[in-house]
Amino acid sequence: MVQIRLRLGDITTCPAECIVNASNESGLGCFTPNHPCIDNAIHKAAGPGLLEECRKLGGIPTGTAKITGAHNLPAKYIIHATGPKKA
């Protein structure tokens with residue numbers, strides 16, 4: 001049986017098997033300083049090891065997802081998914 005739990009709060013403090021990051025195509029985090037997006041929050045909380053691992057992914061094209069370790073986060077993995085951009 002599969003269990004799914006919903007949690008309201010800060011995703012960077014969630015002790016889960018995995019969390020999902022709304023990534024951009026580079027997979028290297030948001031490049032807008034202090035932008036309040038989830039991508040920035042996850043990269044900041046996970047630490048520099050996440051950026052190193054993401055550099056090895058070779059990007060995350062729109063409509064795809066790739067997985068990394070969670071580094072300094074209490075989750076085990078991060079699924080980075082890139083969705084379409086607003087027109």
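**Entry 1: order of the elements**

I walked along the chain from the N terminus and wrote down the elements as β-α-α-β-β. My tally is 2 helices and 3 strands. I'm reminding myself that this is a predicted model.

**Entry 2: overall shape**

Next I looked up how the whole chain fills space. Its C-alpha atoms take up a box of roughly 35 × 25 × 25 Å along the principal axes. The radius of gyration is 13 Å, and a compact globule of 87 residues would come out near 12 Å, so the two agree. I also checked burial: 30% of the 87 residues are buried. Then I turned to contacts with a separation of 6 or more, and found that 44% of them join residues 24 or more positions apart.

**Entry 3: the core**

Which residues make up the largest nonpolar core? I noted down I19, I42, A46, L50, C54, A70, L73, A75 and I78, which is 9 residues in all. Both α1 (38-46) and α2 (48-55) put at least two residues each into this core. My textbook-style reminder here is that nonpolar side chains tend to be buried together in soluble globular proteins.

I picked L50 out of the core for a better look. Ignoring neighbours within four places in sequence, I found L50 in contact with I42, H43, T68, G69, H71, I78 and H80.

**Entry 4: the two helices**

How do α1 and α2 pack, at what angle and how far apart are their axes? I got about 115 degrees for the angle, with the axes 5 Å apart. Angles of 65 to 115 degrees count as roughly perpendicular, so that is what I call α1 relative to α2. On the α1 side the contact uses I42, H43 and A46, while α2 brings P48, L50, L51 and C54. Sorting the residues of this contact by type, I got 6 nonpolar, 1 polar and no charged.

**Entry 5: two odd phi angles**

I went hunting for unusual backbone angles, since most residues other than glycine have a negative phi.

N34 caught my eye: its phi is positive, near 60 degrees, and it isn't a glycine. I found N34 in the loop between β1 (18-22) and α1. Is N34 buried or exposed? With a relative accessible area of 78%, N34 is exposed.

H71 was my other find, a non-glycine with a positive phi of about 55 degrees. It belongs to the loop between β2 (65-69) and β3 (77-81). At a relative accessible area of 38%, H71 goes down as partly exposed. H71 had already turned up in my notes as one of the contacts of L50.

Note on methods:
Residues are numbered from 1 along each chain as its sequence is written. This is a predicted model: local features need pLDDT of at least 70, side-chain atom pairs count only at pLDDT 80 or more; totals for chains, interfaces and linings use all residues. Side-chain values use heavy atoms; hydrogens and water are left out. A nonpolar core is a set of buried Ala, Val, Leu, Ile, Met, Phe, Trp, Tyr and Cys residues joined through side-chain atoms within 4.5 Å. Buried means under 20% relative accessible area, exposed over 50%, partly exposed in between (1.4 Å probe, protein chains only). Helices (H or I, at least four residues) and strands (E, at least two) are DSSP runs, numbered from the N terminus. Contact means heavy atoms within 4.5 Å. Axes are lines fitted to C-alpha atoms, for helices over the stretch in contact, and angles run from 0 to 180 degrees between N-to-C directions. Angles under 35 degrees count as roughly parallel, over 145 as roughly antiparallel, 65 to 115 as roughly perpendicular and the rest as oblique. Ala, Val, Leu, Ile, Met, Phe, Trp, Tyr, Cys and Pro count as nonpolar, Asp, Glu, Lys and Arg as charged, and the others, Gly among them, as polar. The radius of gyration is taken over C-alpha atoms; the globule rule is 2.2 Å times the number of residues to the power 0.38.
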